[in-house]
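Open the model in your viewer and keep the selection box handy. We'll go stop by stop, and at each one you get something to select and something to look for.

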Amino acid sequence: MGRRETTKSPAQHDAVSPLQSKRKKPNPNADSSESCSADNIVPLIPSRRKTAKTSTVNPDACFVGKPIPATDALAKWPHRYPSKDFFYFTIIFSSKLLGKKKDSGRSSNEVTSENGALNAKSHYRQARVDGVIYNLYDAVYVKAEDDKPDYIARIVEMFETDDHEQYFTAQWFYRAEDTVIKDHEDLVDKQRVFISDVKDENPLDCIVSKVKVAKITPNSFWFNMNNPEPTPKVESDMSSAISSETVSNGFVGDISMVNGERCEGEITDLVEWSLLDLYSGCGAMSTGLCFGASISGIKLVTRWAVDINEHACNSLKLNHPETQVRNEAAENFLNLLKAWHKLCGDFKLLGSERSDSDLDMNEDELHDEVEDMKNEASENQSDSEEFEVGKLLAVCHGGPNDVKKPGQYFKVRWKGYGPGEDTWEPIDGLSDCKDVLKDFVKRGYKKKLLPLPGDADFICGGPPCQGVSGFNRFRNTQAPLEDVKNKQLLVYMDIIEFLKPKYVLMENVVDILRFAGGFLGRYAVGRLVAMDYQARMGMMAAGSYGLPQFRMRVFLWGALHTQKLPPYPLPTHEVVSRGFVPSEFEEITVAYDSKDTCQLGDALFLEDAISDLPPVANDESQDERKYATAPCTEFQRYIRLKRNEMVGNMHPSQSQSGRILYDHRPLKLNQDDYDSLPDSQE
Ligand SMILES: C[S@@+](CC[C@H](N)C(=O)[O-])C[C@H]1O[C@@H](n2cnc3c(N)ncnc32)[C@H](O)[C@@H]1O
């Protein structure tokens, strides 16, 4: 992989949704203002356009006023005015080209230049269609098929061809259902339209009427103001779909980091950003993000991590001592966030001062205080069966101690008792100790024990969607979101909706695009867009970046419209690619164009990564072993570096010299699983 062919068969194009087929060059870092030529896109609505009238005088549609002075028109649209000598050859060449084009909406005797563009005799600023005057840059409805709603476009050019045909160039707006969001258009405000960089020529008489399309705030959302739907939330909203999988503000130069090098537009003024790692596992994603951010001069700190697996949480703690690691289900975490927000509100804490340092609030910190309390209490202890709450140590949502009733629970250290007697108590049982509860919430609020809306600058995570796996025979293709195995995608998006971070990075298996026509992938983009995020989806293989791993993963960036939407880094290595990518989403593979010249490193194989490790038996009891040999490959040399040697400018807690970056803690397999592992010789 690393490179890809850009041409497609017509059949493949047909399967692509309009927006998906519009990209000129699928370079993930392409300038988003780049325009597409009509030749390398599948026209949006060619078969549905009116064909141009052949008569030179059309009383219903004609230009009005004087033509734009020839020198100005030539300067602005030079491709419409080729030189006469050149002209002769291009007529022949391009008529052949046109012969191949389906439904171009042009008449066969049109004259075009070498690049297929229609040649102009003159350009105009105004036209009259069915008695209405239209100006250059007006937004208009354009005739669609009989029962379809008319299309929306902006007139960016009006010209008459050499053979007296009258055209306008449309820059298209899309409705959500015409974008990658497709089946989930209900998520998005009906009045919202997405500007694209797709432009093409259409006969002037395709214009139906004017439409008011407003960009609500600078760099903000576009609304169709004519739509008689409920009034839009005027103070927010925007979006422009630059290409199939990118929905962005249309910022130009949205680069912050490409291939590890600082670029223009980089954000340097932010001191520290907080990261919430959901479905964190042992924290590889957040570790990588923190490393990458530090290269860009951002101190990204994994403040909170959530995983249902206890071993994963313990591993994460090794690499991220600064993190509040929460061993709980994400759905419980979401409920807890809401309940915590309410508690902070009830105690009138919201908006009050909070500390940005020493954010750690762990149980050890409380230990000394509690010991004092214990000694004090033991002196006064009576034989009474009444227990008194000494201190609250932690909070969760769900059913700890296998208590079935879900709800908010607090870990209680009882007065006069030690940690061995700690218990989880429901909030209702603490009604008599409001002060203790208030003290805990106050401390938790100050130290950001849990993120409140706006606290997490960044959320990353890969919600498991096991309901899409090809191994699952009972997949729900009709309603994938009703499958409980796919529920985490909703939970993930709900957490984002509640916390509203600046940035989101979601990772997932390619099956979310393969399964049920990409239903879940489209849903994810739709949710982000509905929450006013810019979104960009890309497919990458870790192998393209120098790891022995060929499997592809889908990555989805979300950035608030106040932020710059990050690009994907281009590959550094060749990779042996396996598995298939659905053709509809082929173009989101992050790769160089086949015509680009670049030097990629050799593909890595498992042996390159682990040939220096000693053999490990299943009953191996040592947590740490010595390497069997000196490093044999570049990768092995790299993986042995201490974390402070890997990157610069790390957060102090992450860069103490000599600290090891743990990749895992051993977990004993059952004998069957161990026996099924391939032999090192295989
Ligand atoms: C593919 S792993 C994540 C890997 C991680 N992003 C990394 O970079 O190391 C998926 C994780 O989701 C966790 N998980 C599954 N269901 C969960 C749930 N309902 N709530 C929280 N975590 C869950 C699993 O325990 C597993 O560690």
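Two strands count as paired here if DSSP finds at least two bridges between them. Helices (H or I, at least four residues) and strands (E, at least two) are DSSP runs, numbered from the N terminus. What you have open is a predicted model, so local features need pLDDT of at least 70 and side-chain atom pairs count only at pLDDT 80 or more, while totals for chains, interfaces and linings use all residues. Residues are numbered from 1 along each chain as its sequence is written, and side-chain values use heavy atoms, with hydrogens and water left out.

**Stop 1: strands 7 and 8**

Select strand 7 (151-161) and strand 8 (166-174). They pair in the antiparallel sense, over eight bridges. For one of the matched positions, click isoleucine 152: its bridge partner in strand 8 is phenylalanine 173.

Now zoom in on the hairpin turn, which has four residues between the strands. Histidine 164 sits in this loop and has a positive phi of about 70 degrees, although it is not a glycine. Most residues other than glycine have a negative phi. Histidine 164 counts as partly exposed because its relative accessibility is 33%; the partly exposed class lies between buried (under 20% relative accessible area) and exposed (over 50%), using a 1.4 Å probe and protein chains only.

Aspartate 162 is in the loop between strand 7 and strand 8 too. It is partly exposed, with a relative accessible area of 29%. Add serine 122 to the selection: it is 40 residues away from aspartate 162 along the chain, yet their C-alpha atoms are separated by 8.3 Å.

**Stop 2: strand 8 and its other partner**

Keep strand 8 and hide the loop. How many of the residues of strand 8 are buried? Nine of the nine, so the strand is largely enclosed by the rest of the structure. In a regular strand the side chains alternate between the two faces of the sheet. To see both faces, colour Gln166, Phe168, Ala170, Trp172 and Tyr174 for one side, then Tyr167, Thr169, Gln171 and Phe173 for the other; they are all buried.

Next, add strand 9 (residues 192-203), which runs antiparallel to strand 8 and is joined to it by seven bridges. Tyrosine 174 stands opposite phenylalanine 194 in strand 9. On the way between these two strands, pause in the loop at lysine 182. Its phi is near 40 degrees, another positive value in a residue other than glycine. At 25% relative accessibility, lysine 182 counts as partly exposed.

**Stop 3: the ligand**

Jump to the ligand and show the residues near it, meaning those with a heavy atom within 4 Å. There are 16 residues around the ligand, and Ser280, Ala284, Met285, Asp307 and Ala330 come nearest. By class, the shell holds eight nonpolar, five polar and three charged residues. Nonpolar here means Ala, Val, Leu, Ile, Met, Phe, Trp, Tyr, Cys and Pro; charged means Asp, Glu, Lys and Arg; the others, Gly among them, are polar. Helix 4 (284-295) and helix 6 (330-346) each supply at least two residues of this shell.

Turn on backbone atoms for some distances. A backbone N or O atom of methionine 285 lies 2.8 Å from an oxygen atom of the ligand, and one of alanine 284 lies 3.2 Å from a ligand oxygen. A nitrogen atom of the ligand is 3.2 Å from a polar backbone atom of isoleucine 308. The protein covers 72% of the 600 Å² of accessible area that the ligand has on its own (Shrake-Rupley method, 1.4 Å probe; for residues, only the protein chains shown count as cover).

**Stop 4: glutamate 328**

Select glutamate 328, in the loop between strand 19 (324-327) and helix 6. Buried or exposed? It counts as buried, because its relative accessibility is 9%. Its side chain makes a polar contact with the side chain of arginine 326, at 2.5 Å. A polar contact is a pair of N or O atoms within 3.5 Å; within protein, one must be able to donate a hydrogen and the other to accept it, and residues adjacent in sequence count only if both atoms are side-chain atoms.

**Stop 5: strand 24**

Finish at strand 24 (residues 503-509), where five of the seven residues are buried. Strand 23 (residues 458-461) runs parallel to it, joined by four bridges, with cysteine 460 opposite leucine 505. Strand 24 also pairs with strand 26 (residues 552-560), in the antiparallel sense over seven bridges. There, methionine 506 stands opposite leucine 556.
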